[in-house]
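Open the model in your viewer and keep the selection panel at hand. The tour goes from one selection to the next and says what is there.

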Amino acid sequence: MPGPGCRRVGSAPDGTQDELVAVVTMEKANSTVNRMMAEGRLGELVCVVVDEAHMVGDPHRGICLELCLTKLRFAAAAAAAAAAAAAAPPLPASRGVDVNTASAVPSQPPLPSFSCQLVCMSATMSGLDDMCGWLGARLFMTNFR
């Protein structure tokens, strides 16, 4: 039974029923994020925990982790930008063109609200400042075991 704040969402992105928590490989995580993006369901993600985050530098498997994290960061930034644009006052019309409705690009469907917490852990990672900058993250370090 889901606890308070949890809800069942139908079938999970990997085809199983009613997943609240999924523990997957980085390749499956990337595939699942791709599928959720395609289905417009990315907003169902609340938290993604990455253990062994130093694997982002692995020449064989790291690309999947890097792609997955990049997509999640881009989606969060795009959703925040869309929310800010929607909250902004309309621009004044100029030269008879309504800049609020005229567009050279076809309109895109509105982005769903998306805010997913990323938690990346590693006991052996170097370049923490670079990783934090890339992910827009705060660093928490401890020697507790």
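How many Å should the 26 residues of H2 span, at 1.5 Å a residue? This is a predicted model, and H2 is the helix of residues 62–87. The expected span of H2 is 38 Å, because the span is 1.5 Å times one less than the number of residues. The end C-alpha atoms of H2 are 38 Å apart, which agrees.

**Stop 1: the buried residues of H2.** Select Gly62, Cys64, Leu65, Cys68, Leu69, Lys71, Leu72, Ala75, Ala76 and Ala79, which are buried. What do the buried residues of H2 pack against? Their partners are helix H1, strand S1 (47–50), strand S2 (117–120) and helix H3 (128–135).

**Stop 2: helix H1.** Now select residues 26–38, which form H1. The 13 residues of H1 should span 18 Å at 1.5 Å a residue, and its end C-alpha atoms are 18 Å apart, in agreement with that. Colour Met26, Asn30, Thr32, Val33 and Met36, the buried residues of H1. Then turn the view to look down the axis of H1: the buried residues fall within an arc of 165 degrees, so they line one face of the helix. An α-helix has 3.6 residues a turn, so residues three or four places apart point the same way. The buried residues of H1 pack against H2. Just past the helix, select Gly40, which follows H1 and has a positive phi, near 70 degrees.

**Stop 3: where the two helices meet.** Show H1 and H2 together. Two packed helices are described by the angle between their axes and the distance between the axes. Here the axes of H1 and H2 come within 8 Å and cross at roughly 35 degrees, and the crossing is left-handed. On the H1 side, select Met26, Glu27, Ala29, Asn30, Val33, Asn34 and Met37. On the H2 side, they meet Cys64, Leu65, Leu67, Cys68, Lys71 and Leu72. Of the residues in this contact, nine are nonpolar, two polar and two charged.

**Stop 4: His54.** Finish in the loop between S1 and H2, where His54 lies. Is His54 buried or exposed? With a relative accessible area of 26%, His54 is partly exposed, because that class covers values between 20% and 50%. Now add Cys120: it is 66 residues from His54 in sequence, but 9.0 Å from His54 in space, C-alpha to C-alpha. Leaving aside neighbours within four places in sequence, His54 is in contact with Ser122, Thr124 and Met125.

Methods: Residues are numbered from 1 along each chain as its sequence is written. This is a predicted model: local features need pLDDT of at least 70, side-chain atom pairs count only at pLDDT 80 or more; totals for chains, interfaces and linings use all residues. Side-chain values use heavy atoms; hydrogens and water are left out. Axes are lines fitted to C-alpha atoms, for helices over the stretch in contact, and angles run from 0 to 180 degrees between N-to-C directions. Helices (H or I, at least four residues) and strands (E, at least two) are DSSP runs, numbered from the N terminus. A crossing is left-handed if the near helix is turned anticlockwise from the far one by less than a right angle, and right-handed if clockwise. Contact means heavy atoms within 4.5 Å. Ala, Val, Leu, Ile, Met, Phe, Trp, Tyr, Cys and Pro count as nonpolar, Asp, Glu, Lys and Arg as charged, and the others, Gly among them, as polar. Buried means under 20% relative accessible area, exposed over 50%, partly exposed in between (1.4 Å probe, protein chains only). The arc is that of the directions from the helix axis to the C-beta atoms.
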